[in-house]
Each structure stands twice: as C-alpha cells, then as structure tokens.
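Please open the model in your viewer and keep the sequence panel beside it. The tour below goes from selection to selection, and at each stop it says what is there.

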Amino acid sequence: MTIATSSRSGEPSARMVLLRGFDERGFGFFTNYESQKGRELAENARAALVVYWPKLGRQVRVSGDVLKQSAEESTAYFHGRPLASQISALASPQSQVIPSRASLEEAVAALEKKYEGGVVPLPDNWGGYRVIPKTIEFWMHRDNRLHDRIRYTRQATGGWRIERLGP
C-alpha cells in the first residue's frame, strides 16, 4: 500500500509499505521508528493509505490517526519474519545516510554471524503502527470516468456515515 505522512510543518511524503493486517482496530504496518515515516508520525500522528488493484480497477483510500501497536504485537510479527528480514531490520539505519552499500552488507554479515542459531532481538527502534480510520473510501473504475466512489466517515457515536461521491 502507499502510505502518506507529513512533518509537523505539513511537508508531505509518500512511500510503499506492506499492509500487515486490518481489522476493526485499523490497518497495520511495521517499520523502523527512526525512519522518515517514523519521525513524521512522531511529529504528526496522522496518515493516509491507498491500496490499489489496477487489474481489478479498484482502490481503497483510508485516512486517520496513527498509534503504535503493542510491544507484544511487534515482537510476534518480528519473530514471524524470515531470519534475513530480522537481521536486515536490525542492521539498517532506515532512511539515514550510510557510507556505502558495502558497510551495510558488512553490518548484515556481522549480525548473521552473531545470531547464527540464536534469536534476533526485536530492535528498540522497530515495531508496528496502526492507522485508525476516520474515513474509508472505496473506488471502483467505471467507463467514461463515471467511477463509483463510496465514502465511510466515522461518527462520534461510533457508527459510520455512508455517502456516494461524484467521480
């Protein structure tokens, strides 16, 4: 999915991340808390998501507040990932300037040796976020730009207002 965040001053940025589940609590993803998106979410805990299926002519847009997932959820997800992904998360100073590709690969090799046959610890700076939707829009392609757009807006009472939007 695409996730868009912004700094405290409103400077937007967007990137692709892996949607790691959704339920009544919101839409989940995991990242390094010190990455650009992590820093922006610390300053401005709101985000927008887009999941797009071009062959189906469908997309879902979500916007809302963002909360960190629990340490238990982050740990469970982290240890369910392939070992190489765990090592990479530990080795990478995500979104930070690094001296070279070789330095990153050396860090990975050192951690592979260190944790060979052992458990890679959950990095302190890594975990999950959940986007709690305020709005969810379902978009479906239609010929001649007459797309269907249905927007759900969360109400203070807990229900959802459903509206059809013009294409």
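Before the first selection, a word on charges: Lys and Arg count as positive and Asp and Glu as negative, while His and the chain ends are not counted. With that in hand, colour the charged residues of this predicted model, and you will be looking at 24 positive and 18 negative charges, whose mean positions are 6 Å apart.

**The whole chain**

Now show the chain as a cartoon, in which four helices and nine strands can be picked out. Read from the N terminus on, these elements follow the order β-β-β-β-α-β-β-α-α-α-β-β-β. The C-alpha trace spans about 55 × 35 × 35 Å along its principal axes. If you switch to a surface, the chain exposes about 10,400 Å², of which carbon and sulfur atoms supply 54%, whereas 35% of the 167 residues count as buried. Among the contacts between residues at least 6 apart in sequence, 57% join residues at least 24 apart.

**The largest nonpolar core**

Select Phe-29, Leu-49, Val-62 and Val-131 next, and show their side chains. These are the residues with the most contacts inside the largest nonpolar core, which has 16 residues. Strand S4 (26–32), strand S5 (46–53), strand S6 (58–68) and strand S7 (126–140) each supply at least two residues of this core.

Stay with Leu-49 for a moment: which residues does Leu-49 touch, not counting residues up to four places away in sequence? The neighbours are Met-1, Thr-2, Ile-3, Phe-27, Val-60, Arg-61, Val-62 and Val-131.

There is also a second, separate core of ten residues, and to find it you can select Phe-30, Ile-87, Ala-91 and Tyr-115, which are among its members.

**Strands around S5**

Go back to S5 and add strand S1 (residues 2–6), which runs antiparallel to S5 and is joined to it by three bridges. Within this pair, Thr-2 stands opposite Val-50. On adding S6, you will find that S5 and S6 also run antiparallel, and that eight bridges join them; here Ala-48 in S5 faces Ser-63 of S6, the two residues standing opposite each other. S5 and S6 form a hairpin with four residues between them, and Gly-57 in the turn has a positive phi of about 65°.

**Helix H3 and its cover**

Select helix H3 (residues 83–91), and then colour its buried residues, which are Gln-86, Ile-87, Ala-89 and Ala-91. Two of these, Ile-87 and Ala-91, have been met already as members of the second core. What covers the buried residues of H3 includes helix H2 (71–80), helix H4 (101–114) and S7.

**The hairpin of S8 and S9**

Move on to strand S8 (residues 148–154) and strand S9 (residues 160–165), which run antiparallel and are joined by six bridges. Thr-153 is the residue to label in S8, and it stands opposite Arg-161 in S9. These two strands form a hairpin with five residues between them, where Gly-158 in the turn has a positive phi of about 105°.

**Two arginines in different surroundings**

Select Arg-15, which is found in strand S2. Is Arg-15 buried or exposed? Its relative accessible area is 18%, and because buried means under 20%, Arg-15 counts as buried. Around Arg-15, not counting residues up to four places away in sequence, it touches Met-1, Thr-2, Ile-3, Ala-4, Thr-5, Gln-36, Lys-37 and Glu-40. Ile-3 is twelve residues away from Arg-15 in sequence, yet the two are 5.6 Å apart in space, C-alpha to C-alpha.

Then select Arg-8, in the loop between S1 and strand S2 (12–16), which is exposed, with a relative accessible area of 63%. Arg-8 and Asn-44 are 36 residues apart in sequence, and a C-alpha to C-alpha line drawn between them gives 5.5 Å.

**Two loop residues with positive phi**

Most residues other than glycine have a negative phi. For the last stops, select Ser-95, where phi is near 70°, a positive value in a residue other than glycine. Ser-95 is found in the loop between H3 and H4 and is partly exposed, with a relative accessible area of 46%. Finish at Arg-145, in the loop between S7 and S8, where phi is near 65° and so again positive in a residue other than glycine. Arg-145 counts as exposed, at 53% relative accessibility.

Methods: Residues numbered from 1 in each chain as written. Predicted model: local features only at pLDDT ≥ 70, side-chain atom pairs only at ≥ 80, totals over all residues. Heavy atoms only, no water. Buried < 20%, exposed > 50% of the residue type's maximum accessible area, 1.4 Å probe, protein only. Contact = heavy atoms within 4.5 Å. Areas by Shrake-Rupley, 256 points an atom, 1.4 Å probe, with all protein chains shown as cover. Charge placed at Lys NZ, Arg CZ, Asp CG, Glu CD. Core = buried A, V, L, I, M, F, W, Y, C linked by side-chain atoms within 4.5 Å. Pairing = 2+ DSSP bridges.
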